[in-house]
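User: I would like to learn how to read the features of a protein model, taking the whole chain before any single strand or residue. Could you take me through one?

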Amino acid sequence: MAYTVTPTPAGPVGSQYCICKVELSVCGQNLLDRDVTSKSDPFCVLFMEVNGKWVELDRTETAVNNLNPAFSKKFIVDYHFEEVQKLKFALFDQDKSSMQLYEHDFLGEFSCTLGTIVSSKKITRTLLLGNGKPAGKGMITIAAQELSDNRVITLSMAGRKLDKKDLFGKSDPFLEFYKPGDDGKWMLVHRTEVIKYTLDPVWKPFTVPLVSLCDGDVEKLIKVMCYDYDSDGGHDFIGEFQTSVAKMCEAQDAFPLELECINPKKQKKKKNYKNSGIIIVKSCKITRDFSFLDYILGGCQLMFTVGIDFTASNGNPRDPSSLHYINPMGTNEYLSAIWAVGQIIQDYDSDKMFPALGFGAQLPPDWKVSHEFAINFNPTNPFCSGVEGIVQAYSACLPHIRFYGPTNFSPIVNHVARFAAQATQQEAASQYFILLIITDGVISDMDETRHAVVQASKLPMSIIIVGVGNADFAAMEFLDGDSRVLRSHTGEEAVRDIVQFVPFRDFRNAPKETLAKAVLAELPQQVVQYFKHRNLPPINSEPA
């Protein structure tokens with residue numbers, strides 16, 4: 001049992017793409033009984049693999065005399081979609097008060113990726129001993145929850161009969177919203193726009209995160225202050241009031257909520273002072289602003305397809321200079337790209353059956369060129385089992401095909417788009433398609449490909465292109481709409497940027513994880529963008 005114990009992990013484990021924090025709840029069932037006179041006193045330790053070593057992140061409390069513990073202490077982990085985050089949950093029976101794990105009896109462990117847990121939301125697995133055998137009937141259950149309040153509030157505000165503050169005209173009113181800070185002082189959260197020359201303003205509706213406005217507590221008092229704008233910055237105070245989000249939510253479109261705007265100084269001075277005008281909450285709605293993890297935890301599946309370039313420019317696969325030559329280590333740039341992307345995405349597809357297609361080759365028996373063939377030579381069932389299955393089918397097909405040309409992308413893009421189009425019938429966010437194209441060069445059917453990508457941008461689909469070898473990839477950069485919007489040859493614009501292009505040569509000498517990070521960095525945002533645009537909630541979403 002070689003565990004490294006670091007009570008405080010050095011710096012945050014992960015990269016700058018951290019999407020959010022995930023809370024993991026752990027329960028044990030039927031744990032081994034290591035105590036002679038009583039039951040085991042289990043606790044759970046969470047390790048994460050960092051640079052090939054298991055590093056302790058945290059441990060739960062000890063459950064006394066309990067073989068079926070539900071630990072109240074939760075593990076909180078930064079979640080990075082574009083990394084393989086390997087976790088190990090190890091259970092021990094506490095025998096002494098020592099922090100050293102070897103002082104306690106080992107009850108079993110379970111290892112998996114964080115992606116496996118979040119894609120299932122809850123998993124129950126067998127605990128294993130150090131020799132890989134089951135730890136009796138011991139099981140572990142791990143449940144994941146996103147640690148963020150994704151609610152947003154949209155407020156529509158107006159005013160009536162506000163105090164006149166300008167000598168030669170009406171006021172120029174605006175509102176400021178404040179919440180109580182930790183130091184007891186009011187903290188500015190939002191300022192509306194200024195409405196010129198009116199005592200009856202109607203401000204534009206605005207949306208802010210509920211956490212920003214009231215720390216997510218709808219009963220918390222917030223203060224709203226109304227001012228008359230002055231260009232020199234010396235804004236005149238009109239009045240204020242205190243309310244809560246719960247109170248403002250009483251406002252409905254037909255029944256606005258009216259709140260008196262009070263100037264305390266005027267109230268003290270004048271006996272017959274009523275107010276300095278009325279602020280009207282026309283409507284107040286709380287909705288959820290779903291994140292990528294909300295969709296994944298809700299059960300959205302990422303459907304992965306690979307497209308492989310078998311054109312003649314790759315070179316004869318038996319020649320060591322060919323891009324398809326499999327070296328003595330059992331790899332090449334095509335295989336490296338398949339592994340880098342596939343090993344992350346496979347966690348998010350429950351059946352792990354992936355179609356693998358080839359293009360640009362002549363196929364037996366009649367040696368016709370195909371731009372869309374199953375590399376397992378089974379057109380009715382092009383699915384490979386896991387990333388290993390894709391790798392095996394790829395290696396097996398190389399001796400049986402003739403590399404040819406041209407390099408046509410559009411058939412494979414349209415192939416995946418047909419399936420993505422069927423998924424547009426979904427009522428909730430259940431499927432999103434990812435096409436990985438690995439190619440060595442220039443696209444021959446650029447107009448058709450541009451058209452195919454522009455059409456695909458309306459679908460639940462993203463395209464990742466990895467360029468292998470040393471060719472000129474300017475056309476690929478053109479498809480990746482990071483710098484400008486992609487247009488089809490007819491002038492139609494892409495609804496959103498769905499192509500991510502990465503040249504493999506930039507990552508030849510980098511750790512293998514860096515390719516996956518670069519290739520997958522934009523994907524979570526693309527998934528969210530599509531489902532929000534279509535107004536599709538996660539499958540199992542709770543109302544706000």
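Analyst: What follows goes from the whole chain to one strand and its partners, and then to one residue in a loop. Please keep in mind throughout that this is a predicted model.

User: How many helices and strands does the protein chain have, and what does its C-alpha trace span along the principal axes?

Analyst: Counting elements and extents gives a frame for everything else. The protein chain has 12 helices and 26 strands, and its C-alpha trace spans about 100 × 80 × 40 Å along the principal axes.

User: What share of the residues counts as buried, and what do carbon and sulfur atoms supply of the exposed area?

Analyst: Burial is read residue by residue, whereas the exposed area is read by atom type. Of the 544 residues of the protein chain, 51% count as buried; the chain exposes about 25600 Å², of which carbon and sulfur atoms supply 52%.

User: How far apart are the mean positions of the positive and negative charges?

Analyst: Here one averages the places of each kind of charge and compares the two means. For the 55 positive and 65 negative charges of the protein chain, the mean positions are 6 Å apart.

User: Turning to a single strand, how many residues of β18 are buried, and how does β18 run relative to β17?

Analyst: For a strand, one reads its cover and then its pairing. In β18, which comprises residues 353–359, six of the seven residues are buried. Four bridges join β18 to β17, and these two strands run parallel, with Asp-309 standing opposite Phe-359 of β18. Between them the chain passes through α6, and this β-α-β crossover from β17 to β18 is right-handed.

User: Which strands does β18 join in antiparallel fashion?

Analyst: The direction of each pair is read separately. Three bridges join β18 to β22 (residues 383–385) in an antiparallel arrangement, where Phe-354 stands opposite Cys-384. Two bridges join β18 to β21 (residues 373–374), again antiparallel, and there Gly-358 stands opposite Phe-373.

User: Finally, where does Ser-322 lie, and why does Ser-322 count as buried or exposed?

Analyst: A loop residue is placed by the elements on either side, and its burial is then judged against a cut-off. Ser-322 lies in the loop between β17 (301–309) and α6 (333–345). Because its relative accessibility is 6%, and buried means under 20%, Ser-322 counts as buried. Leaving aside residues up to four places away in sequence, Ser-322 touches Asn-314, Gly-315, Asn-316 and Pro-317.

Methods: Residues are numbered from 1 along each chain as its sequence is written. This is a predicted model: local features need pLDDT of at least 70, side-chain atom pairs count only at pLDDT 80 or more; totals for chains, interfaces and linings use all residues. Side-chain values use heavy atoms; hydrogens and water are left out. Buried means under 20% relative accessible area, exposed over 50%, partly exposed in between (1.4 Å probe, protein chains only). Contact means heavy atoms within 4.5 Å. Accessible areas come from the Shrake-Rupley method with a 1.4 Å probe; for residues, only the protein chains shown count as cover. Lys and Arg count as positive and Asp and Glu as negative; His and the chain ends are not counted. The place of a charge is taken as NZ of Lys, CZ of Arg, CG of Asp or CD of Glu. Two strands pair if DSSP finds at least two bridges between them. A crossover is right-handed if, with the strands pointing away from the viewer, the path from the first strand over the helix to the second runs clockwise.
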